[in-house]
Amino acid sequence: MKLALALTGDAVTCTAGDGTLSHRFAVRYERERVLALTRTVAGVLERATHVRGLSAANLDDLRHAGDELCRSLLAPEIQDALRRQQGPLLLELDEALVLVPWELLHDGERFLCRRFDVGRAVSTAQPPRGVAARGVGTPMRVLVLASDPAGDLPQAGAEAEALVAELDRHPGVRAHLLASPDLAAVRRLLKDFDAVHYAGHADADGAGGPSGEGGGGWRLADGRLTPGGVVELAGGLPLPLIVFANACRSGPTRPWEGEPGGLYGQCNAFLLAGVRYYVGTQWDVVDAGSAAFAVAFWGEIGAGASVGAAVRRARERVALARGEDDLGWAPYVLYGDPAFAPLGRRAEPDTRTLLPSPRALAGRKSMPFKRPLAPTDAAAGAAASAAAPARGGRRRALLALGLALALGAGGVAAHRALGPAGAPAGARPQTLALLGIRAGPSIEEGAAAEAAGLESCLLVGLSRGRRVRLVDRARITAFLAEARDGGLALASDDRQASAAGRALRADYVLYGEATVVARRPFFSVFCADPATGHVLFADRLDGRDAAGCDALAARILARLDEAGRARR
């Protein structure tokens, strides 16, 4: 989805659309009100960073300000359309609207950046200083800069080390760490890499003249890389495709319009110099949360995710690990098309690699798949084979048999009811596959049993849903056992969990992980739509909260009812 937002006189004009036909709406622009609400958002995030005791109130204040901004800037028709959709959302912004925290608009249910893969594009009269012509090499080369010239930011080095360790896990990426970089080294190396990650201090953006010397910059061992210094690098070999500045206020904090030829911060300078994708912050960040966000973001990029999806999933990880009211997920903004995947869009897993073939099953004596089909299933399979077209009929029959064996009793019947494209043949309850709660690597001894207890409790709570039918546990257990034989951990990975849901013909999948924080067990639980891979629900439960399981099941059922209504 794309929203083009511009100031036309005393109104904000919003044009929404995906294809040939777009729709335009306008709302009155109350500049002072919008600026006041923007300052409120900035104040809430500053309190969240520096005053830990107000975190719950901070989240409520942020929701309220985001709701007011949403109603002040977007027509009701646009708000309704946003509630019904998800996926990539590109905001094409007039340069005077850059300072608005669009990502934190709240639609009454969720923040925009928690619902969508949000990216920004800016319409500006400023002339470009460079040409965005860089592609991604094989492997993608990432320069990681860890800068702590004053010795007061040891977390920068730890973040860089963790980031390199994460990127080393992905064969499509090669990371190079440069600790305590000086200005000459950065200028010399910058263009040799496809992407750059900066961990360190950034001076606050200010209004810069044509040279950009007043516009803040990255602190290095012997000075600053200023916006003017960035623009001087434009021309000749292209700058990196992606720049991630993980420092306080490394994104724009003021409008871009003003003095002709002026530069307004590091983000503005990098984009004008030819960088196509820029991730930065509009407010101060918390060190531990910012490091976790960076590692999660680059891990997703290394796994083939789009830049927008990587930002959204990193937000989710930080919110679950530290609590949503910590707000460590909130300051980040992405400039660029959120649908772009640097390593190529990740191919949907081929279920044929996850499901065993009839020949392979025949050689296994101990697997649950070996049990014979029930008579009703055999008849359904025969009917499905008879109904198949003559051309390719034998191949389809074998595939139907493989699905029936892999999915267990009722597999062929379910396949026929859904049809070849998975569309319902008639009214039916939504199916939910509970893949399991996995004990993470940091789990304390004995807490794995608590994870199993939560799983059993959720099964009981979810079975009360009138419009939700749970996939048979025997089918799931058999499928997960087969997947583990292939080296997959479907219960703990978003992408593989979605692949399992598609193979099991489930409308939704539920999965999670048990971890320990300050010697207390916590459970992170996710519910995803296998068809899109989007996480519809994410929550965090204290393992010592005996009554929390029923409430969690109720929240999941409510979210699935909402998603089901949206589907219809």
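This is a guided tour of a predicted model, with a suggestion at each stop of what to select next.

**Stop one: a strand and its neighbours**

Begin by selecting strand E6, residues 140-146, and show the rest of the chain around it. Of the 7 residues in this strand, 6 are buried, so strand E6 is largely enclosed by the rest of the structure. Add strand E7, residues 173-179, to the selection, and you will have a parallel pair that is joined by 7 bridges. To find one place where these two strands meet, pick Val-144 and look across to Leu-177, its bridge partner in E7. If you then follow the chain from E6 to E7, you pass through helix H5, residues 155-167, and this β-α-β crossover is right-handed.

Now keep E6 selected and add strand E8, residues 195-199, which pairs with E6 in the parallel sense over 5 bridges. Here the residue to pick is Leu-143, which stands opposite Val-196 in E8.

**Stop two: aromatic rings**

A pair of aromatic rings is described by the distance of the centres and the angle of the planes. There are 11 aromatic pairs in the structure, and a good one to begin with is Tyr-277 with Phe-340, a stacked pair with 4.7 Å from centre to centre and 10 degrees between the planes. These two rings link distant parts of the chain, since Tyr-277 belongs to strand E13 (residues 277-281) while Phe-340 lies in the loop between strand E14 (332-335) and helix H11 (351-354), 63 residues apart. Tyr-277 has a relative accessible area of 3%, so this residue is buried.

Select Tyr-511 and Phe-526 next, where the ring centres are 5.6 Å apart and the planes stand at 20 degrees. Why does this pair count as stacked? Planes under 30 degrees apart count as stacked, and the planes of Tyr-511 and Phe-526 are at 20 degrees, so this pair is stacked. This pair also links distant parts of the chain, with Tyr-511 in strand E17 (residues 508-517) and Phe-526 in strand E18 (residues 520-528), 15 residues apart. Tyr-511 is buried at a relative accessible area of 1%, and Phe-526, at 7% relative accessibility, counts as buried too.

For a group of rings rather than a pair, select Phe-244, Phe-293, Phe-297, Trp-298 and Tyr-332, which form one aromatic cluster.

Before you leave the rings, go back to Phe-340 and add Arg-276, which lies over the face of this ring at 5.6 Å from the ring centre. A similar arrangement can be viewed at Phe-193, where Arg-141 lies over the ring face, 4.3 Å from the ring centre.

**Stop three: the disulfide**

A disulfide is a covalent bond between the sulfur atoms of two cysteines. The structure holds 1 disulfide, which you can display by selecting Cys-457 and Cys-549, whose sulfur atoms are 2.1 Å apart. The angle about the S-S bond is -125 degrees, and the link is left-handed. Colour helix H16 (residues 447-462), which contains Cys-457, and helix H19 (residues 548-567), which contains Cys-549, and you will see how the pair links distant parts of the chain, 92 residues apart. Which description fits Cys-549, buried or exposed? Its relative accessible area is 5%, so Cys-549 is buried, whereas Cys-457, at 24%, is partly exposed.

**Stop four: salt bridges**

Stay with helix H19, and select Arg-559 and Glu-562, which lie 3 residues apart, about one turn of the helix. These two side chains form a salt bridge, in which the closest N and O atoms are 3.3 Å apart. Arg-559 counts as buried at 13% relative accessibility, while Glu-562, at 26%, counts as partly exposed.

The count for the structure comes to 21 salt bridges, and another of these joins the side chains of Glu-166 and Arg-169, with 2.8 Å from N to O. In this pair Glu-166 is buried, with a relative accessible area of 16%, but Arg-169 is exposed, with 59%.

Finish by selecting Asp-60, Arg-63, Arg-114, Glu-316 and Glu-324 together, because these residues are best viewed as a group: they are linked in a network of salt bridges.

Technical notes. Residues numbered from 1 in each chain as written. Predicted model: local features only at pLDDT ≥ 70, side-chain atom pairs only at ≥ 80, totals over all residues. Heavy atoms only, no water. Phe/Tyr/Trp six-rings, centres within 6.5 Å; stacked < 30°, edge-to-face > 60°. Helix = DSSP H or I, 4+ residues; strand = E, 2+ residues; numbered from the N terminus. Buried < 20%, exposed > 50% of the residue type's maximum accessible area, 1.4 Å probe, protein only. Lys NZ or Arg CZ within 6 Å of the ring centre and 35° of its normal. Disulfide = S-S within 2.5 Å. Pairing = 2+ DSSP bridges. Right-handed = clockwise from strand over helix to strand, strands pointing away. Salt bridge = Lys/Arg side-chain N within 4 Å of Asp/Glu carboxyl O.
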